[in-house]
Amino acid sequence: NSKRRTFVSYRCPNRKRIDEEKCENESITALQLQKVILHLLKKEFLLSDIQMKKLTDFNREVGEIRKGQIEKTQKELQKLVENIDRKISFCYLEYRSGSTSQTQFLEIKKKLEEKKEQNQWLLRELSLKYTSVDRLVDKQNQALCAVLKCQGGAGLNADLVQNLIEKIYVYPGKRIEVLWKWKDI
């Protein structure tokens with residue numbers, strides 16, 4: 001029983017092009033990238049006058065923005081659910097007035113109720129996401145503090161990387177440029 005190991009690497013999608021946008025066939029493993037990002041983050045933190053509190057506050061602001069986006073989507077879905085209820089009522093009135101057959105009414109009603117159920121399921125999922133945002137931000141801030149204080153075993157998770165980094169450029173020779181989202185603070 002030999003253990004299989006998985007290696008994730010990133011490659012430019014333009015490497016197969018034949019025009020001036022062709023990219024050199026350069027790749028970097030996820031592990032190498034994480035090590036470099038960790039190193040750059042610590043270096044950036046030590047060299048700048050950014051305080052830990054500013055970074056954790058920035059991370060909290062990102063969390064609040066995410067909660068705002070979730071609330072907006074919830075409102076839109078709630079409107080869709082209410083519209084479906086109105087459509088069902090309208091179809092029922094058409095059926096009662098005799099302009100729609102019972103078969104047509106039941107068919108339309110079934111489709112609308114399936115749509116409504118799907119939207120309600122999405123609303124429940126969004127509600128769970130919303131309540132987990134603060135917990136996730138706290139977890140990310142703990143990870144960030146551990147990383148910047150160079151505590152053993154500290155690593156970056158994907159959400160934290162997404163919150164802190166705008167873009168990552170990988171150049172030939174595995175040279176990396178990182179654009180930080182928090183640079184303006």
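The exchange below concerns the nonpolar cores and the second largest pocket of a predicted model.

Visitor: Why is the set that includes L41, L144, L148, L164 and I165 called a nonpolar core?

Guide: A nonpolar core consists of buried residues such as Leu and Ile, joined through side-chain atoms within 4.5 Å. The 16 residues of this set, the largest nonpolar core, are therefore buried and joined in that way. Those with the most contacts inside this core are L41, L144, L148, L164 and I165.

Visitor: Which elements give two or more residues to this core?

Guide: They are α1 (30-47), α2 (52-97), α3 (102-148), α4 (158-164) and β4 (175-180). The largest share, 4 residues, comes from α1.

Visitor: What does L144 touch, not counting residues up to four places away in sequence?

Guide: L144 touches L41, L55, L160 and L164. Contact means heavy atoms within 4.5 Å, so each of these residues has a heavy atom within that distance of L144. Apart from the largest core lies another, of 7 residues, among them L77, V81, L123 and V133.

Visitor: What makes R66 a lining residue of the second largest pocket?

Guide: Lining residues have an atom within 4 Å of a pocket point, and R66 is one of the 17 that line this pocket, so R66 has such an atom. The residues closest to the pocket centre are R66, L136, Q140, D159 and N163. The space in the pocket is about 300 Å³.

Visitor: How is the lining divided by residue class?

Guide: The lining has 6 nonpolar, 7 polar and 4 charged residues. Arg and Asp count as charged, so R66 and D159 belong to the charged class. The largest share of the lining, 7 residues, comes from α2, while α2, α3 and α4 each supply at least two.

Notes:
Residues are numbered from 1 along each chain as its sequence is written. This is a predicted model: local features need pLDDT of at least 70, side-chain atom pairs count only at pLDDT 80 or more; totals for chains, interfaces and linings use all residues. Side-chain values use heavy atoms; hydrogens and water are left out. Buried means under 20% relative accessible area, exposed over 50%, partly exposed in between (1.4 Å probe, protein chains only). On a 1 Å grid over the protein atoms alone, a cavity is a set of points where a 1.4 Å probe fits but cannot get out, and a pocket is an open set with protein on both sides within 12 Å along at least five of seven lines; lining residues have an atom within 4 Å of a point. Grid points are joined across faces, edges and corners, and a volume is the space filled by probe spheres set on the points.
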